Structure formats: structure tokens, C-alpha cells
Amino acid sequence: MTFKNRVTAVLLTACVAAGIYGIAHNRMEVKWEEEAEESDDSLFGHRETLYLWYTDEALTDYLNSVAVSYNEYQQEARVIPVHSSGSEYLETINNASLQSDEVPDLYIVGNDSLEKAYLAGLASEIKMPDEAAGLDSFFPESSICAITYHGKQVAYPFYFETSSFLYNKTYLEEWARTQIEAEMDAAEGEAAQAAIENSGTPEANETTADGEAAAQDFDFESAVAARIEETLPKTIDDILDFADSYVAPEQVEAVFKWDVSDIFYNYFFVGNYIDVGSMTGDNEESINIYNENAIHCMRVYQNLNQFFYIDTEESDYANVIQDFIDGKIVYTVVTTDALAKIEEAKKNEEFLYEYGTSVIPDINSELVSRSLSVTQCVVVNGYSTHKDIANDFAMFLSCYNEDNLYDRTGKVPALRGVNFENTNLEAFVSEYEKSFPEPKMIETSNYWVEMEIAFERIWSGEDANMELKRLSEKIVTQVRGEQFTEEYIDLPDENAGEEIIEDEYLEEPPDMEIVG
């Protein structure tokens with residue numbers, strides 16, 4: 001039986017008796033720990049107990065319901081989810097593993113912590129059933145790389161976070177309608193002028209008849225939809241071109257605004273050209289931060305500050321989302337949490353527009369964008385005395401009922417082929433599939449802080465070439481344990497002494513005020 005078939009059989013078994021799942025779920029209104037204690041002498045008395053640790057309270061109800069379903073379908077063990085709010089999560093798990101009678105058999109953690117977990121003995125290599133296909137049959141490459149450490153798969157992918165492109169669809173529809181109507185008026189004017197000039201000729205009569213027939217066949221709404229699709233930016237240059245010609249509604253303050261202070265929303269600028277640890281994030285010999293493409297990308301990033309005027313000290317993700325909800329922004333870059341906030345605002349009639357998502361535009365026609373991603377994983381503790389059944393539950397959790405994971409928790413599953421009621425999540429899935437997983441190496445734990453500093457300094461006008469050189473030297477020195485110096489890349493700045501926009505436009509935009 002294949003892994004997929006096995007999971008299907010599990011689900012069918014769990015639901016075979018009518019109403020069983022619903023009854024079990026209702027029981028979860030009582031704390032699971034209390035229920036487990038009451039059932040020790042009866043239903044679960046003969047079973048082993050697995051403890052599943054997690055930190056995010058948004059998962060509580062979902063994990064409890066999955067545990068109940070798992071307990072229903074097999075007779076070997078019961079699963080008890082345990083919420084841990086400690087700031088030093090892995091240290092707490094380690095202490096509990098060594099000192100407690102209730103050893104955490106499994107836990108949920110970000111892929112960036114897997115090296116630390118594995119070296120501490122807190123992560124075991126996963127064991128797929130002999131008859132099962134590999135994980136790559138069910139998860140994208142980014143997931144597999146995220147849970148791989150030195151050639152070993154040491155966790156199961158559960159859910160992910162990455163960034164994607166968000167746009168105000170209502171504004172684009174209004175703009176598309178205006179454009180198409182203007183083009184139609186111009187075409188009618190040209191036709192009328194031609195008719196006057198050729199009045200009474202057979203050609204004029206034929207032209208008039210053709211024009212009337214074309215007008216009858218024209219599907220305006222389809223043309224609007226096609227124009228929006230055509231207008232969605234494929235590159236950052238497309239955003240600049242749109243902003244240059246867009247006649248914005250009064251409430252719009254910025255065509256494109258994002259949180260320039262947070263590396264998660266900036267990383268796509270260089271993500272395709274910077275390598276820290278390779279795709280698996282564990283190879284200390286594979287570090288490439290300082291290169292020509294990365295310098296070009298960061299110069300493009302720096303030049304955007306001439307257009308969008310975003311102050312890094314005042315930039316804040318929550319404010320960006322609120323500005324989008326208030327209709328002050330046309331385009332932005334967000335993580336998956338933004339959709340729930342927008343939907344809640346729509347429900348409360350605070351968001352009066354339609355919106356859409358797409359993959360993040362490339363830098364330009366030559367430089368490709370690539371987002372950063374973090375994968376939350378289900379790990380089998382190396383100290384567990386029930387590794388086989390813990391492995392079985394970890395596999396069950398990573399694939400069970402994933403169609404409901406987002407609706408119940410706001411988390412987007414890493415599993416392929418999940419159906420989302422909100423189709424805007426599909427852009428995040430596409431972005432995740434081509435994303436660069438967060439590195440695992442302990443020596444690069446401060447990489448994000450240093451990268452964020454570099455982005456801020458470059459945005460504020462410092463030389464992109466020198467900032468990337470400095471960053472690379474610092475990170476490589478840390479990883480190798482000895483001083484490292486990069487050879488300077490003599491790369492002339494093609495934009496040196498030039499503005500990407502005409503001076504008069506910077507002083508007084510013709511149609512709208514561009515502010516941060």
C-alpha cells in the first residue's frame with residue numbers, strides 16, 4: 001500500500017462509524033489532559049502515551065482533534081498535545097528529555113533549528129514505510145530541503161511561511177475600465193473621422209458596418225479581466241511604469257509600499273543570487289553572498305528609495321497591512337497572515353475592496369526574484385522510547401486533514417495538492433515551491449540580523465558593493481572560524497550620477513502624492 005493510500009485508509013477508518021469524529025471533537029471542550037487522566041483506567045489504560053510539544057496556541061484545537069482521530073484509528077498509543085510557552089524552546093525540550101518522566105516524543109519546530117536539534121540528539125531520522133513513496137512525492141523540493149540535514153531527512157514538513165505579492169483588485173479594475181473606455185472612444189473618433197473623409201464611398205459604408213458588428217461582439221468585462229492580468233507586474237520595472245502613468249484615487253498614498261525594515265519582505269531582491277549553506281542550509285562550504293548579480297539586485301533595491309520614499313525607522317508591517325486595508329496602497333509584499341486580517345476586515349466592512357495575490361515580480365528582465373521561506377516541521381525526539389509509533393503519528397499529522405489546516409489555524413500546509421477555499425493562497429504555494437529555505441547552520445544564526453543591517457544601510461544610500469562584501473566576510477569568518485577577506489569586485493554602477501526618474505517628477509508628481 002502506498003503512503004498516500006495508507007493515509008486515505010487511515011482517514012476512512014477514523015470516520016467509519018457515523019458521528020464518531022464529531023462526538024470525539026466535542027469532547028475536546030474539556031481539557032485534553034484532564035480527559036486523558038480520566039481514561040487511564042479504561043479506554044487508554046493499555047496504550048503507550050506520546051507527548052507532542054508545540055509553541056503556537058493557534059494550533060491547540062487542531063492538534064487536539066488530530067490526536068483524537070489518531071487515537072480512534074489505532075490501538076498502540078494515545079497522543080497528548082502539550083503547549084510550551086518557554087522562550088528557550090529546544091532547551092526546555094532537552095531538559096524535559098533528560099529529567100522528566102514525560103519525555104516529549106515529538107515536537108513542532110522551524111527548519112532553521114534542525115541542526116541544533118539533531119546535534120543535541122533531539123531529532124531522529126524519519127522512517128517512511130517500506131511500501132511508501134518518498135516524501136518528494138507529496139511535498140515540494142523546498143520542503144524536502146528544509147527537513148534535510150547532511151543527507152538525512154530528520155523531520156516531516158508540516159506548514160510554511162513565505163512572502164507573496166498583494167494587490168488591490170478594485171483599483172486595477174477601475175484603471176482597466178478607464179483605459180479600455182478611452183481606447184474605445186479614440187477608436188470611435190478615428191472611425192468617425194474616416195467616415196467623414198470618405199463619406200458616400202463603398203469603403204466608408206463597409207467600415208461603418210464592420211465597426212458596428214465589432215462593437216456588438218465586444219465583451220467588455222472579459223477585456224477588463226484580460227487587461228488586469230496583463231497589467232499585473234512581472235518585474236519591478238513594471239511597477240515603476242505603472243506608477244508613472246497611474247491616475248490614483250484621492251485616498252491612495254503609495255502605489256507600492258512594503259516593510260523595508262524586515263528582511264522577510266526584502267529578501268526576494270537577492271534570494272536567487274545569495275547562497276548560505278546551499279538549498280539544505282547545512283553546507284558550510286557553500287556560501288556565496290558577494291557576487292555581481294547580488295550587487296546588481298541591491299542597486300535596484302537602493303534606487304527604489306528615490307521613488308517610494310519609505311523611512312526604514314518608521315516602516316512597520318502591521319501599518320503596511322492597515323494601509324492596504326484602508327485603501328492607501330495598490331501593491332505590497334506580505335506573508336500568509338495578511339489574508340486572514342483582510343478577510344476579517346471585509347467581514348467587519350472595514351475593507352471595501354476586492355484584492356488578489358500573485359507571485360512576487362522579478363527584479364527586471366534579467367534578474368529573477370526568489371523569496372525566503374520557513375517550514376515548520378514535526379520532529380521525532382531522539383530521546384523518545386517510542387520512536388516507531390512517534391514516527392507514525394508524525395507522518396499522520398503532516399498529511400492528515402490538511403484541507404482544513406488553514407481554515408482552523410491560519411497555517412498553510414506544506415503538503416502538495418491541498419484545496420483552499422481562498423484561492424489567493426495559491427500564490428503563496430507557488431512562491432513557496434521556488435523559495436530558498438532558511439539556513440540551519442548554528443554559525444549563521446545572526447545572518448538575518450546582519451543581512452537586515454545591510455539592507456537598511458543600502459536603502460539609506462551606502463554602497464551596495466561594499467556592504468555585501470562586508471557581510472560576506474563576516475559570515476564566512478564565523479562559519480570557518482578564521483579571518484576571511486573577499487576579493488573586491490570592480491563593478492561600475494550603471495546608475496551612478498543618474499536618477500531613475502526625472503527630477504521634476506520627484507519634486508511634484510503629476511497625478512498623485514507618493515509618500516512612504
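**Entry 1. Charge over a ring**

I take a charge to sit over a ring if NZ of Lys or CZ of Arg is within 6 Å of the ring centre and within 35 degrees of the ring normal. The model I am reading is a predicted one. With that criterion in hand, I looked up Arg-480 and recorded that it lies over the face of Phe-484, at 5.1 Å from the ring centre.

**Entry 2. Aromatic pairs**

I next turned to ring-ring pairs and noted a count of 33 aromatic pairs. I examined Tyr-70 and Tyr-73, which form an edge-to-face pair with 5.4 Å centre to centre and 65° between the planes. Both tyrosines belong to helix 4 (residues 60-73), and because they are three residues apart there, about one helical turn separates them. I entered Tyr-70 as buried, since its relative accessible area is 0%.

I then looked up Phe-160 and Tyr-432, a stacked pair with 3.9 Å centre to centre and 5° between the planes. Phe-160 is in strand 6 (residues 156-168) and Tyr-432 is in helix 18 (residues 425-433), so this pair ties together parts that are 272 residues apart in sequence. I checked the burial of each ring-bearing residue in turn. Phe-160 counts as buried because its relative accessibility is 3%. Tyr-432 has 1% relative accessibility and therefore also counts as buried.

**Entry 3. Strand 12 and its partners**

Which strands pair with strand 12, and in what sense? I found that strand 3 (residues 106-110) pairs with strand 12 in the antiparallel sense over five bridges. Within that pairing I noted Leu-106, whose bridge partner in strand 12 is Val-380. Strand 6 also pairs with strand 12 in the antiparallel sense, over six bridges. Here I noted Pro-157, whose bridge partner in strand 12 is Cys-377. Strand 14 (residues 436-437) pairs with strand 12 in the parallel sense, over two bridges. For that pairing I recorded Ser-373, with Pro-437 of strand 14 as its bridge partner.

I then asked why strand 12 is described as largely enclosed by the rest of the structure. Strand 12 spans residues 372-380, and the description holds because eight of its nine residues are buried.

**Entry 4. Lys-440**

I located Lys-440 in the loop between strand 14 and helix 19 (447-459). Is this lysine buried or exposed? I recorded Lys-440 as buried, because its relative accessibility is 1%, and the cut-off for that class is under 20%.

I compared sequence and space for Lys-440 and Gly-110: the two are 330 residues apart in sequence, while their C-alpha atoms are 9.4 Å apart. Setting aside neighbours within four places in sequence, I listed the contacts of Lys-440, which include Asn-111, Asp-112, Leu-114 and Glu-115. Among its further contacts I noted Cys-145, Ala-146, Ile-147, Thr-148 and Tyr-149. Thr-280 and Gly-281 are also in contact with Lys-440. I looked at Thr-280 in more detail and found that the side chain of Lys-440 reaches its backbone oxygen at 2.4 Å.

**Entry 5. Cysteines**

How many disulfides does the structure hold? I recorded zero. I also looked up the accessibility of two cysteines. Cys-145, already entered as a contact of Lys-440, has 9% relative accessibility and so counts as buried. Cys-399 counts as buried because its relative accessibility is 9%.

Technical notes. Residues numbered from 1 in each chain as written. Predicted model: local features only at pLDDT ≥ 70, side-chain atom pairs only at ≥ 80, totals over all residues. Heavy atoms only, no water. Disulfide = S-S within 2.5 Å. Buried < 20%, exposed > 50% of the residue type's maximum accessible area, 1.4 Å probe, protein only. Phe/Tyr/Trp six-rings, centres within 6.5 Å; stacked < 30°, edge-to-face > 60°. Helix = DSSP H or I, 4+ residues; strand = E, 2+ residues; numbered from the N terminus. Pairing = 2+ DSSP bridges. Contact = heavy atoms within 4.5 Å. Polar contact = N/O pair within 3.5 Å; in protein donor to acceptor, adjacent residues only side chain to side chain.
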